[in-house]
Amino acid sequence: MNFAAPDFFPAAAEIFVAVMALAVMLSTTFARNIARSLAYALAQFTLLVTAFITIFTLDTVVINDFGGMFVHDLLGGILKLVVCFAMMIALLYGRAYLAERRLDRPEYYLLALLMMLGMMVMITANHLLPLYIGLEMMSLSLYALAAFDRDNACSTEAGMKYFVLGALASGLLLYGMSMVYGATGALELPAVAQAVAGQTANKTVLLFGLVFLVAGISFKLGVAPFHMWVPDVYQGAPTPVTLILSSAPKLAAFALALRLLAVALPGLAGHWQTMLMLVAAASIVLGNLAALVQHNIKRMLAYSGISHMGFMLLGLLSGGGGTADSTIVAYSGAMFYAIAYALMTLAAFGMVMLLSRAGFDAGEIEDFKGLNRRSPWFAVLMLFVMFSMAGIPFFIGFFAKFAVLEAVIAAGHLWLAALAVVMSLIGAFYYLRIVKLMYFDEPLDNAPISASPELQLMLSVNGVAIAALGLMPGTLLSLCRTALAASSITG
Amino acid sequence: MTDIPFLSLAIWIPILGGLLVLASGPDRNAWMARMVALLTAIFGLAVSLPLYFRFDTATAAMQFVELRSWIIEFNINYHLGVDGLSVWFVLLNSFITLLVVIAGWQVIQSRVAQYMAAFLIMSGLMNGIFAALDGVLFYVFFEASLIPLYLVIGVWGGPGRVHAAIKFFLFTLAGSLPMLLALLYLYSVTGSFEILDWHRAALSMTEQSLIFFAFLAAFGVKVPMWPVHTWLPDAHVEAPTGGSVVLAAIALKLGAYGFVRFSLPVAPDAAMAYAPLVIALSLIAVVYIGFVALVQADMKKLVAYSSISHMGFVTLGFFMLNPLGVEGALIQMISHGFVSAAMFLCIGVLYERMHSRQIADYGGVVNTMPKFAAFFMLFAMANCGLPATSGFVGEFTVILGAVQYNFWIGLLAATTLILGAAYTLWMYKRVVFGAVANEQVAQLADIGAREFFFLAVLAACVLAMGVYPFPFTEVMHTSVTELLRHVYTGKLL
């Protein structure tokens, strides 16, 4: 057996993050007096450089590496890039909040980097094992992050709940993977696909495994009926962690779903599409109805996130039916939705952070009252975010909904589109309510906005991007399409 | 023809001007916000005028066309153009916006910049709706125009504004979401979002029926037709004067316009088949809502119900599917734009002075405000369709069309002349004539120069249109003929 050293170059970004995570750990141990700002600076530096590396290694050529465990394709590159930016923004938004509460310990940034690494491994996995390892790396870091405010009962409860349920979900996923392995005898995703296509695999075992896979994916995406952890963890975790939790990991989970279902198991598309249909319908209905009655903004956004992930699944479940081209269109709709959602949720939680200050958490919806009086600029940005989430043009959220609904209708599931539309009408109400509070009501407190300038600036960029991408969604849409067309998805 | 993109200018000048107004900041710079808003509105009207003067009345084809690719991935184009059906509404909208800016000059004292900006942005978006020739572009403008109106009602409205604003938003959204599905379905069938491609696409009866009802939901709510009209009285009562004016004069026209741009040409066979249904709903609006208007104690509510009744006339005219009906309906739309705007402005004039809209609080206004009473008289007469006012032309033509279609429908439709006169003139009598009702009325000051100006301009429009409607019919005629030819040809698979 001859052993060839793998080509490390395609994985440069991952390796860099891994090295830097260790660097953060070591340097902050020794430089104790500046550890907090050093860790933050190093983390942002790492993410920035990672973004650059990812940009410069973007390529439409698909490279299989590390004995087929790793795939370097445009899809992975774009997703890594978005995840990277999402993490940068999330760390930036959360910094002042954490510092005011003395939570900005170096471990926070260490965990964030490790989580980043986990997500990158997931995104570029071409093999069941790295997929699972990446997922665990991300999840374990997130469990710890959720419980980061360790003296706060809510935070520790959130961490505990997340851990127990998350471990269960990981178990389900692993069990599903073992079934797939048992049925196909392959761990590499393309080999699994081949075995399924070749009809040599035991169909019963395969389907049994598929159910577990879908359950595991659904949990990680936080969609009904595996959503129970979402509202509690979102509410209990410190807001900066909620911010991280609601943005980047959703993109990683999207990659997980894409790799597992679309790359490895396109042969079972009919089956998993039906499962996802039920999951999506349930999430859209439940998420929107439950969000109606929330008083806590984090909880409301949690339920709205459940429904958004349901919408994203609409794109994922509409592929495969017709031509390869229509599959790409459908998946790229889902990808566009996931990116749009990350952008919106970052801005929404960024707003919560903006209104919070030392000793005050803007956790209640009421805290948005009269924002237009206090700061017309941020009120209008929040208005962008809310109408975008409600799917009203000219904002990116409209085109996200547009793209997935188009895919659903092209796939012939008119009832699903009708249901989604009815539910988004119900959803519009709770977004409108926030706009109502900001514009029609008088403020509860007249404290000036005291957030740090970099948060204000970044939030402005973020909000304007939601409007600008809504006016010109073409570039991002075509990027998603090119990425999927140049990926290892055969369609 | 010319290369100046008049339609783009008519859309984007108000929007950019609105953003500029917003930039003027807090209320201590209110004068600047007002000046910028006024200039923008004048400029917006100025770039709309060539649309009429350079309009070629001999063709039913789209004019002033602009075509650029917007979102290539979904084959969505930035495609603008107007024909005889839509050109007048762009003009009407730009014109009404100018009046609204003038009318809100002194009345609005808080958050002036945001108020003016909301109206300017809304004006640009609504011009976009009338000019869009791409289904998605239309939908995007259609939905986006809800946001400023929602804020206008909610921020500057009366005591029940929150309820009214949310109801308005959700009703309209509920209607337009089925339309989004219809648009996406048409795309999946034709591979294009071009409205004109959809006009040509052959569709089976089932498809046409579903599409027709999806459009009916969107436009029926917007018009509004009975029984989904309940949001309108609420919105009108709570909205500030400017909001009511734009709502009545322009926003309601969007729904009616949708029928001639989408429902009739895209699903002509379904439109023929379901015409009796729409006619029945329209007649209910005309007659039943007319009676409802009769018993209102609140002036704004009364005019709101009269709007519903008049818009019932418009949908009635469209679904007669004969030239008289359709042209009459289009004229009625423009006329109602002038008359309802004038009625709400008149009520606004009274409300600013008395802070009451209850008819019972007034009486004998003519004694203290003679000039105002004269204008109000003219508009009240136009509202009940007196000959030589614009109201007469539209209503009379629609009734002619209705009699041509079916005598009894014509007869029922004609009751509006009696009902309209009854509720309008009875209100006018109670508010304006009689002895001076109370101390406050006795102290009323007559209209000033600013108010005189906008009422006089509207009065001139109402009279001019009533005496010489030719410029309006001339523009529409070719397009209406072509539309009806298209509808009668049908396009079943």
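Below is a chat about a predicted model with chains A and B.

Biologist: Let's start with chain B. How many helices and strands does chain B have?
Modeller: Chain B has 21 helices and two strands.

Biologist: And is chain B as compact as a globular protein of that length, or less so?
Modeller: It is as compact, because the radius of gyration of chain B is 21 Å, close to the 23 Å that the globule rule gives for 493 residues. Along its principal axes, the C-alpha trace of chain B spans about 70 × 55 × 40 Å.

Biologist: OK, what about chain A, how many helices and strands there?
Modeller: Chain A has 20 helices and two strands. Its radius of gyration is 21 Å, close to the 23 Å from the globule rule for 491 residues, so chain A is as compact as a globular protein of that length. The C-alpha trace of chain A spans about 70 × 60 × 40 Å along its principal axes.

Biologist: Back to the strands of chain B. Do β1(B) and β2(B) run parallel or antiparallel?
Modeller: Antiparallel: β1 (residues 63-71) and β2 (residues 76-82) of chain B are joined by six bridges. One pair to look at is B:Ser69, whose bridge partner in β2(B) is B:Asn77.

Biologist: How many residues sit between β1(B) and β2(B) in the hairpin?
Modeller: Four, and B:Asn75 in that turn has a positive phi of about 60°.

Biologist: Which other residue in chain B has a positive phi although it is not a glycine?
Modeller: Try B:Phe64, with a positive phi of about 55°. B:Phe64 lies in strand β1 of chain B. For background, most residues other than glycine have a negative phi.

Biologist: Changing topic: where do the chains touch, and how many residues does each give?
Modeller: The contact takes 26 residues from chain B and 23 from chain A. On the chain B side, the elements giving two or more residues are β1, α5 (135-144), α6 (146-156) and α7 (161-190).

Biologist: Which element gives the largest share of that chain B side?
Modeller: That's α7(B), with 14 residues. By class, the side of chain B that touches chain A has 21 nonpolar, two polar and three charged residues.

Biologist: Now helix packing. At what angle do α4(A) and α5(A) pack?
Modeller: At about 155°, with the axes of α4 (residues 106-123) and α5 (residues 128-146) of chain A 7 Å apart. The two are therefore roughly antiparallel to each other.

Biologist: Is that crossing left-handed or right-handed?
Modeller: Left-handed, for α4(A) passing α5(A). Residues making the contact include A:Leu111, A:Leu114 and A:Met115 of α4(A), and A:Leu131, A:Ile133 and A:Met137 of α5(A). By class, the contact of α4(A) with α5(A) has 16 nonpolar, three polar and no charged residues.

Biologist: And in chain B, how far apart are the axes of α16(B) and α18(B)?
Modeller: They are 9 Å apart, and α16 (residues 370-383) and α18 (residues 407-432) of chain B pack at an angle of about 165°. That makes α16(B) roughly antiparallel to α18(B). Their crossing is right-handed.

Biologist: Which residues meet there?
Modeller: From α16(B) you have B:Ala373, B:Phe376, B:Met377, B:Ala380 and B:Asn383, and they meet B:Gly420, B:Thr424, B:Leu425, B:Tyr428 and B:Val432 of α18(B). By class, the contact of α16(B) with α18(B) has seven nonpolar, three polar and no charged residues.

Biologist: What about α11(B) and α13(B), at what angle do they cross?
Modeller: At roughly 15°, and the axes of α11 (residues 241-266) and α13 (residues 299-320) of chain B come within 11 Å. That makes α11(B) roughly parallel to α13(B). The crossing is right-handed. The contact of α11(B) with α13(B) has nine nonpolar, three polar and one charged residues by class.

Biologist: Last thing: where is there a cis peptide bond in chain A?
Modeller: It joins A:Ala224 and A:Pro225, with omega about 0°. A:Pro225 is in the loop between α8 (203-221) and α9 (229-236) of chain A.

Biologist: And which peptide bond is cis in chain B?
Modeller: The one from B:Val223 to B:Pro224, with omega near -15°. B:Pro224 lies in the loop between α9 (205-222) and α10 (231-238) of chain B.

Technical notes: Residues are numbered from 1 along each chain as its sequence is written. Chains are lettered from A and ligands numbered from 1 in the order in which they are written. This is a predicted model: local features need pLDDT of at least 70, side-chain atom pairs count only at pLDDT 80 or more; totals for chains, interfaces and linings use all residues. Two strands pair if DSSP finds at least two bridges between them. Axes are lines fitted to C-alpha atoms, for helices over the stretch in contact, and angles run from 0 to 180 degrees between N-to-C directions. Angles under 35 degrees count as roughly parallel, over 145 as roughly antiparallel, 65 to 115 as roughly perpendicular and the rest as oblique. A crossing is left-handed if the near helix is turned anticlockwise from the far one by less than a right angle, and right-handed if clockwise. Two residues are in contact if their C-beta atoms, placed from the backbone, lie within 7 Å. Ala, Val, Leu, Ile, Met, Phe, Trp, Tyr, Cys and Pro count as nonpolar, Asp, Glu, Lys and Arg as charged, and the others, Gly among them, as polar. The radius of gyration is taken over C-alpha atoms; the globule rule is 2.2 Å times the number of residues to the power 0.38.
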